[in-house]
Protein chains: 2
Amino acid sequence: MSIVLLAKDLGLSVSTVSRALNGYTDVAAQTRERVTARAKEIGYRPNPGARRLKSGTTSAVGVVLPAASSSGQVVDAMYSSLLGGVANEIEPAGYHLLAMMQTRHDPVREAAFYDNFIKGSWVDALLIVRTRVHDPRIEAARKAHMPFITYGRTESKEPYAWVDTDNEKAFHLAATRLLDFGHRRIAFLNGPEEYYFAQLRHRGYIRAFTDRGMIPDPALILHGEVTEESGHVLCRSLLIRNPAPTAIVCATDAMAFGAIAACRERGLTVGTDISIIGYGNSSASAYCHPPLTTVEHQVFENGRHVGQALIRLLRKEIKPADVHYLEPVVLVPRNSDGPLVVTRAV
Amino acid sequence: MSIVLLAKDLGLSVSTVSRALNGYTDVAAQTRERVTARAKEIGYRPNPGARRLKSGTTSAVGVVLPAASSSGQVVDAMYSSLLGGVANEIEPAGYHLLAMMQTRHDPVREAAFYDNFIKGSWVDALLIVRTRVHDPRIEAARKAHMPFITYGRTESKEPYAWVDTDNEKAFHLAATRLLDFGHRRIAFLNGPEEYYFAQLRHRGYIRAFTDRGMIPDPALILHGEVTEESGHVLCRSLLIRNPAPTAIVCATDAMAFGAIAACRERGLTVGTDISIIGYGNSSASAYCHPPLTTVEHQVFENGRHVGQALIRLLRKEIKPADVHYLEPVVLVPRNSDGPLVVTRAV
DNA sequence: GTGACTTCCAAAAACGTTTTTGGAACTGGG
DNA sequence: CCCAGTTCCAAAAACGTTTTTGGAAGTCAC
């Protein structure tokens, strides 16, 4: 069903039908109505390929999903919800989400990947996730004049559009809570250093100490993948030290689950013998044992903010420099942490 | 950079350049080489929109992600890995994955959604996930002559392409293990009845009993969403019964986590007082307490099978009726289940 | 009644490919 | 030397839109 058939059916020219459908002002209201009615009746849908060709737009937004593990076999579950939120907002506006998969963690292939994608004019805008401290993808997108938004910030001179959670505040909150409980040897199981979120969280953690005139022990800050396995390994290495930490704050709930398992293996009761705080408020965090004290992180909701911003960006209703959304942060206290038990602490 | 510029640059006609690039035989090997070399050098990429328009293909495969919860706020984390596996296979072949989001669980809007998507000629093939017992999406895809593959089977007369895990065997295995342990009051926390996987699992569970001449108590079979919360609620309702079940098999690890929490709240020790088996072998299942006995489910790997099949389907190397992959099933024994303790059982 | 606007629609070019058709130049057999 | 067959390339149509340009008819002021 093409526009020419529809035009023929209506006894109008192709151009008039096109203009009627696309909201041009120089077509009589009555004609427009007749066209739209018949179009709906006949089930006419403009061919997106032809439209793309002519107008140069694709009605699609692209995102490339990074593999979570170095093996490339696992995708961070968080992205399901993020993308869900994004799609939820952009689809009513007529956009689709084009997801690509970055199978290997390889900077030069990554550049080629993005280049191919941008130059191939597959999408009208880009969503860049898992931002690094210095992220070449931002420069690449800017150079190609491709509208983009990042989920997570980065160190860039130029202004750009971003949505992020308040990583620094989150870990300031968590560390402060543990300090208030009397803990001093508070370990930090952070994510890979190259990611900016890890840097921000580090900063928040440090600031909790310096705020009260203390300095954390650098030896207690570990980096690793944000998985259960990594949390387990890292925590085990922590517990064989002497003195061992009395509290641990983890970059994700998953890491916290691994850490909890490691503590249990050592015969430690989490919540009294040792305190653990996670991050994400994943649904599992409420049902594990002990229920995990963690920091709220509404990924779906953030995805909706991303989607809304993307639409406004594409419609040029707003400048990239003006779209910044920082998710407010709230700690959800449960039972995996508590006051320092003095007998163990000394 | 269009093909006409490239042709001009080479002193050749547009058609010759196109034919050289697309592997036609009637262009001299030397000319072809000259063209491909220059194309690479100059960074020429055929405009996907134009190609789509002319050839009618899109080089994209579509999938619509169902929301896991009725609120539409949560996307099943499993799909991250599934899509990762799919993309991993189809991208080297030049295809992209177009993901849509189904925000609400509404059959009539769903039909319109798929219709719009298929008729709009957005993609060359469809991946249909979360199949229902009678799934209208299959008929819709077939009618539109859109190649498709399902992840999960369905009751359909006509043959079609599918990848699935052996749901029936998995729950036959799990229930048999519990029966071997001496359990008789074995509850089953299943997923929503409308999904075919739930039906197959039900069948496997039943067969474990009938295989040894027994019949399970229908009152012990409950249905709900496959989330921690649902598992928690359902399990609680089970435990206040008299007599209560001595074992529970759950449709997902997440449900099992919720069930474990409910048991703990009742003062029950999971693994001795009551046995619980999950499904999925999620990474959390190895680190929770007690470590969960569960059934292996390699979602990423299954996604790769889906991707490979899709490519072969698109290349017409294989008929839909001939692509069936049933993931073999293996039980992972851990510590959340064990022999029936007789003092409690009577 | 005339000229200048306004209103509405049509013709045609263009977007960047692929594919069909056709033909020039070369080759080899008789 | 001629003709048929082969090899290589070019011209042009087509895909289904959008957008520019232009023009016919109607309206209004003077």
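**Close-up views of a predicted model**

**View 1. An open sheet of 12 strands takes in both chains of this predicted model.** Follow the strands in the order β11(A)-β5(A)-β4(A)-β3(A)-β1(A)-β2(A)-β2(B)-β1(B)-β3(B)-β4(B)-β5(B)-β11(B), and you will meet mixed pairing. At the edges stand β11 (324-327) of chain A and β11 (324-327) of chain B, each with a single partner strand, so one side of each is left without a neighbour in the sheet. From one strand to the next, the twist averages 20 degrees.

**View 2. Strand β5 (residues 162-165) of chain A pairs with β11(A) in the parallel sense.** Here 4 bridges link the two strands, and Thr165(A) has Glu327(A) as its bridge partner.

**View 3. β2 (residues 96-102) of chain A meets β2(B).** These strands run antiparallel and are joined by 3 bridges; have a look at Ala99(A), whose bridge partner is Leu97(B). Helix α5 (residues 78-90) of chain A lies across strands of both chains, among them β1 (60-66) of chain A and β2 of chain B, and runs at about 75 degrees to β2(B).

**View 4. Chain B touches chain A through 49 residues, in contact with 49 residues of chain A.** Elements of chain B supplying at least two residues each include α4 (48-55), α10 (228-239) and α11 (253-265), while α5(B) gives the largest share, 7 residues. This side of chain B divides into 23 nonpolar, 18 polar and 8 charged residues.

**View 5. DNA strand D is surrounded by 27 residues.** The closest are Ile3(A), Ser15(A), Ser13(B), Ser15(B) and Thr16(B). Two or more residues come from each of several elements, including α1 (3-10) of chain A and α2 (14-21) of chain B. By class, the surface near DNA strand D has 12 nonpolar, 10 polar and 5 charged residues.

Methods: Residues are numbered from 1 along each chain as its sequence is written. Chains are lettered from A and ligands numbered from 1 in the order in which they are written. This is a predicted model: local features need pLDDT of at least 70, side-chain atom pairs count only at pLDDT 80 or more; totals for chains, interfaces and linings use all residues. Two residues are in contact if their C-beta atoms, placed from the backbone, lie within 7 Å. Ala, Val, Leu, Ile, Met, Phe, Trp, Tyr, Cys and Pro count as nonpolar, Asp, Glu, Lys and Arg as charged, and the others, Gly among them, as polar. Two strands pair if DSSP finds at least two bridges between them. A residue is near a molecule or strand if its C-beta atom, placed from the backbone, lies within 6 Å of it. Axes are lines fitted to C-alpha atoms, for helices over the stretch in contact, and angles run from 0 to 180 degrees between N-to-C directions.
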